[in-house]
Amino acid sequence: MKKLSAELKEKYGKGFDFSSLYKYVKFHQEFPQILDSLSPKSGRPLSWTHYRILLQETSPEARAWYAKEAQEQAWSVRTLQWNVSSQYYYRMSMSQNTKPVEKEMKELTASY
């Protein structure tokens, strides 16, 4: 992967460092049905940055929930990052009354 990265950087410039290649492979493994993160054909109006944040989540169930919510609620990248970092999915799934958890999230991310 390091050799490939060096060759691609030489041929195409930055954007193909080892870290980026790793993220591209991980993205393809986790979201094989998506060919272009900005394509209307994919049915998912999330940016590459949204997907990079989603890849931070190790649970497939949580990742799918965050992706669905980010799309339906039109979360900004910063809102998604805050929600993943604060384990919003797990707090919602463990709560018997989700309204206060949701209210807290909306208040804390309103400026985003």
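Buried, in this talk, means under 20% relative accessible area. That is the term E69 needs: its relative accessible area is 14%, so E69 counts as buried. One caution before I go on: this is a predicted model.

I'll stay with E69 for a moment, as it brings in the charged pairs. E69 forms a salt bridge with K68, and the closest N and O atoms are 3.5 Å apart. K68 is partly exposed, at a relative accessible area of 39%. K68 also has a salt bridge with E72, where the closest N and O atoms are 3.3 Å apart. K68 and E72 both sit in helix α4, four residues apart, so about one helical turn separates them. E72 has 51% relative accessibility and therefore counts as exposed.

How many salt bridges does a search of the whole structure find? The search gives seven. One of these joins the side chains of E30 and R63, with an N to O distance of 2.6 Å. E30 belongs to helix α2 and R63 to helix α4, so this pair ties together parts 33 residues apart in sequence. As for accessibility, E30 is partly exposed at 26%, while R63 is buried at 6%. Salt bridges with shared partners also bring in K26, so that K26, E30 and R63 make one network.

Now the nonpolar interior. The largest nonpolar core contains 21 residues. Which elements give two or more residues to this core? They are α3 (48–54), α4 (60–73), α5 (77–85), α6 (88–94) and α7 (98–109). The largest share, five residues, is from α4. So α4 turns up twice in this talk: as the source of that share, and as the helix holding K68 and E72.

Within the core, the residues with the most contacts are L54, Y66, W75, L80 and Y88. Take L80 as an example. Leaving aside residues up to four places away in sequence, L80 touches H50, I53, L54, Y66, A70 and W75. Of those partners, L54, Y66 and W75 are themselves on the list of residues with the most contacts inside the core.

Next, the rings. A search of the whole structure finds 14 aromatic pairs. Y12 and F16 form one that is tilted, at 5.8 Å centre to centre with 45° between the planes. Y12 is exposed, with a relative accessible area of 52%, and F16 is partly exposed, with 25%. F27 and F31 form another tilted pair, at 5.6 Å centre to centre with 35° between the planes. Are F27 and F31 buried or exposed? Both are buried. Ring pairs link these four residues with Y24, W48 and Y51, giving a cluster of Y12, F16, Y24, F27, F31, W48 and Y51.

Last, the surface. M1, F18, Y22 and V25 make a nonpolar patch of about 380 Å². Y22 lies in helix α2, which spans residues 18–30. Y22 has 49% relative accessibility and so counts as partly exposed; the cut-off for exposed is over 50%. Helix α2 therefore holds Y22 of the patch and also E30, the partner of R63 in the salt bridge described earlier.

Methods:
Residues are numbered from 1 along each chain as its sequence is written. This is a predicted model: local features need pLDDT of at least 70, side-chain atom pairs count only at pLDDT 80 or more; totals for chains, interfaces and linings use all residues. Side-chain values use heavy atoms; hydrogens and water are left out. Patches are made of residues with over 30% relative accessible area and no salt bridge: like charges are joined within 9 Å, nonpolar side chains (Val, Leu, Ile, Met, Phe, Trp, Tyr) within 5 Å. Accessible areas come from the Shrake-Rupley method with a 1.4 Å probe; for residues, only the protein chains shown count as cover. A salt bridge is a side-chain nitrogen of Lys or Arg within 4 Å of a carboxyl oxygen of Asp or Glu. Buried means under 20% relative accessible area, exposed over 50%, partly exposed in between (1.4 Å probe, protein chains only). A nonpolar core is a set of buried Ala, Val, Leu, Ile, Met, Phe, Trp, Tyr and Cys residues joined through side-chain atoms within 4.5 Å. Contact means heavy atoms within 4.5 Å. Rings of Phe, Tyr and Trp (its six-membered ring) pair if their centres lie within 6.5 Å; planes under 30 degrees apart count as stacked, over 60 as edge-to-face and the rest as tilted.
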